[in-house]
Amino acid sequence: MPSGHPSDDSVGNQLASSTFSSSLKRKSDALQSDALESPAKKVCTEEGHSSAVAAHYNELQECGLQQRSLSRIFYLRNFNNWMKSALINEFLGRVREKKTRNIAVLDLGCGKGGDLLKWRKGKIDKLVCTDIADVSVQQCEQRYVEMKERARHEHIFEAEFVTADSTKELLSTKLKDPNMTFDICSCQFVYHYSFETYEQADMMLRNACEQLCPGGYFIGTTPDGFELVKRLEASETNSFGNDVYGVTFQEKGSYPLFGCKYDFRLEGVVNVPEFLVYFPILVEMARKYKMKLIYKSTFKEFFEEKVKNDEQKTLLKKMQALEQYPPASNASLVSNHEEDYEHAKRTKESGKAKMPLGTLSKSEWEATSIYLLFAFEKQA
């Protein structure tokens, strides 16, 4: 790991027994064709999870930069935001190798518009923002309007805003131009909500991929199902986490391909039900929409790769995605627990790194390292 970051061992990310992987793979092989050919046979959980998610995000209060800077997870949120930026930049670059004009993007699960600036910097031409939470969509649109007003002499992409449950509704029927095609569909920290049932996961995938042009990309971030189960299996209970995040499963040892519900808590931001994504099933389902997996990486692997790039390293600092250790004389660390910085202390004492370090607390690293990034490409 780069200086100032805990290793997997230091955050207790032990491998669970290989019996989980092999048994789940056998279950997948046995059920996969049935899942894809006979969706009506898939287990359906109780109704209401999507409305609960919408209500949760509608109720979240918009807060300013000053208030966010006081948050226990200020650096974690910035780090995750940097990860998204690096992913988006990479695939916008790939699109520009094929075309330089009329670049269109679908932001699937746009939230309050946290990625609007990324699309502005990416100099795209058209953006469709959609989310299940109507208040979030309204705030996203307001952010866009304000962004345009502040940049009157700069070309800003055209935008369209749609409130819809993309796990149950066909987005194309809600667009101004139902035949519109996209170069990129970005789905950040959202797709796992759709794995409640096969039908919902398939509809979300259809909305993400059906209107991508050949060579277009479906990119995103989602919890790593295998990582979640590894940590669960290593726990003595049906839950795991720390003061920053927590994950609680309904039961241990049973992991259905769809509807495997767990409750996820992230300090001050998220406290909603989510569903385990078994990634090999997603890869198989994507073939239906002519999508081929071309990239998959854990956050740890992606960070190690991108931090070698000077431009991304500069952006990392600009976005305040890492905490300074030791802190400045007039500042304090976000965590009051000394053990949260043992990894940074060891690096400092080794004398092998330039001071001050950029780091995340151990608790934050444990929270962010449950995620992976992915990219699919539309085949001709």
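**Group meeting: burial, cysteines and a cavity in a predicted model**

Of the 380 residues in this protein, 53% are buried, where buried means under 20% relative accessible area, exposed over 50%, and partly exposed in between, with a 1.4 Å probe and protein chains only. Before going on: this is a predicted model, in which local features need pLDDT of at least 70 and side-chain atom pairs count only at pLDDT 80 or more, while totals for chains, interfaces and linings use all residues. Residues are numbered from 1 along each chain as its sequence is written, and side-chain values use heavy atoms, with hydrogens and water left out.

The overall picture next. The protein has 13 helices and 13 strands; these are DSSP runs numbered from the N terminus, helices being H or I of at least four residues and strands E of at least two. A contact is a pair of heavy atoms within 4.5 Å. Among contacts with a separation of 6 or more, 74% join residues 24 or more positions apart. About 17,900 Å² of the protein is exposed, and carbon and sulfur atoms supply 47% of that, by the Shrake-Rupley method with a 1.4 Å probe.

Now the cysteines. How many disulfides are there? The count is zero, a disulfide being a pair of cysteine sulfur atoms within 2.5 Å. C129 is in no disulfide, and its nearest cysteine sulfur, that of C140, is 3.9 Å away. C129 is also buried, at 0% relative accessibility. Why is C185 without a bond to C187? Because the sulfur of C185 is 5.9 Å from that of C187, its closest cysteine sulfur, which is too far. C185 too is buried, with a relative accessible area of 0%.

One residue in a helix: Q312 sits in α11, residues 310–318. Is Q312 buried or exposed? Buried, at 8% relative accessibility. Leaving aside residues up to four places away in sequence, Q312 touches W82, A86, N89 and K306.

Last, cavities. A cavity is a set of points on a 1 Å grid over the protein atoms alone where a 1.4 Å probe fits but cannot get out; lining residues have an atom within 4 Å of a point. Grid points are joined across faces, edges and corners, and the volume is the space filled by probe spheres set on them. There are three cavities of 30 Å³ or more. The second largest has a volume of about 40 Å³. Its lining consists of L170, L171, S172, R206, N207, E210 and Q211. Those divide into two nonpolar, three polar and two charged residues, with Leu counted as nonpolar and Glu and Arg as charged.

Conventions:
On a 1 Å grid over the protein atoms alone, a cavity is a set of points where a 1.4 Å probe fits but cannot get out, and a pocket is an open set with protein on both sides within 12 Å along at least five of seven lines; lining residues have an atom within 4 Å of a point.
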